[in-house]
Amino acid sequence: MTPALDLAGIFVFALSGALQGVRKRLDVVGMAVLAFFTAVGGGITRDLFIGVQPAAFRDTGYLLVPIAATAIAFFWHPQVERAMPGVLVFDAAGLGLFCAVGTAKALAYGLSPLHAVLLGVCTAVGGGVIRDVLSGEMPTLLYDRQLYAVPAMLGSTAMAVLYALDIRGFAATLSSAVLAFALRILAMRYGWRAPLARGVGGQV
């Protein structure tokens, strides 16, 4: 992923974290904490599992971008909330990019394809889990509202398959990211959800 795309994805995720802070009536410090961990929490977790220094602690952009997102949400959160349908499209793009890049990094460090897929999903959705836990919500990962983790899993799997076929670099990343992005957009458009157990939530 290019630095520009990386920071764009971080910005969108940070914005969702900051807005969660607004909804929970947190002060600006709380908003910034949620923004930071939503944006880079998944990548930090991945890098710690791999055993390398997290990229978020090497580049000041990973800190400045969440701060900028926090400032925008703090001063203009009503306008941002109204623009959320558009923001969710960028969120889906970030999901696709992060799952593909996370899987590729794990594979490059010698992890098995299965473990690499798990870390790819962790990169894409881990920040959201941390956001939900810190704000006292049930993590959306546990009930996968409108298919969020599933697109990340399919994108990560596609990346692992392409890597095994020796198709790597930009083409593999783009293909895997587009797959996850497209599925996420379709899930939002048509309200697709993961199935519940029989008899749960009124289903029989």
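Buried, as the word is used here, means under 20% relative accessible area, whereas exposed means over 50% and partly exposed covers what falls in between. By that cut-off Arg 131, with a relative accessible area of 15%, is buried. The structure is a predicted model, and this briefing takes up its annotated transmembrane segments, its salt bridges and the surroundings of one serine.

**Transmembrane segments**

- An unreviewed UniProt entry lists residues 30-49, 61-77, 83-104, 116-134, 146-165 and 172-192 under "transmembrane region".
- In the model, the segment formed by residues 83-104 is 95% helix and 0% strand, and the C-alpha atoms at its ends lie 32 Å apart.
- For residues 172-192 the helix content is 90% and the strand content 0%, with 26 Å between the C-alpha atoms at the two ends.

**A salt bridge between helix 1 and helix 3**

- The count of salt bridges in the model comes to 6, and one of them joins Arg 23 to Glu 81, whose closest N and O atoms are 3.2 Å apart.
- Because Arg 23 belongs to helix 1 (residues 3-23) and Glu 81 to helix 3 (residues 61-82), this pair ties together parts of the chain that are 58 residues apart in sequence.
- Arg 23 is partly exposed, its relative accessible area being 46%, and Glu 81 likewise counts as partly exposed, at 29% relative accessibility.

**Other salt bridges**

- Arg 131 and Asp 132 meet through their side chains in a salt bridge with an N to O distance of 3.1 Å.
- Asp 132 has a relative accessible area of 3% and is buried, and its partner Arg 131 is buried as well, at 15%.
- A salt bridge also links the side chains of Asp 166 and Arg 168, with 3.5 Å from N to O.
- In that pair, Asp 166 is exposed, with a relative accessible area of 57%, while Arg 168 is partly exposed, with a relative accessible area of 43%.
- Arg 46, Asp 47 and Lys 105 are joined to one another in a network of salt bridges.

**Ser 175 and its surroundings**

- Ser 175 is found in helix 7, which runs over residues 170-190, and this serine is partly exposed, with a relative accessible area of 44%.
- Computed along the chain in residues, Ser 175 and Ala 158 are 17 apart in sequence, and their C-alpha atoms are separated by 8.1 Å in space.

Methods: Residues numbered from 1 in each chain as written. Predicted model: local features only at pLDDT ≥ 70, side-chain atom pairs only at ≥ 80, totals over all residues. Heavy atoms only, no water. UniProt positions renumbered as here; feature names shortened; annotations may be inferred. Helix = DSSP H or I, 4+ residues; strand = E, 2+ residues; numbered from the N terminus. Salt bridge = Lys/Arg side-chain N within 4 Å of Asp/Glu carboxyl O. Buried < 20%, exposed > 50% of the residue type's maximum accessible area, 1.4 Å probe, protein only.
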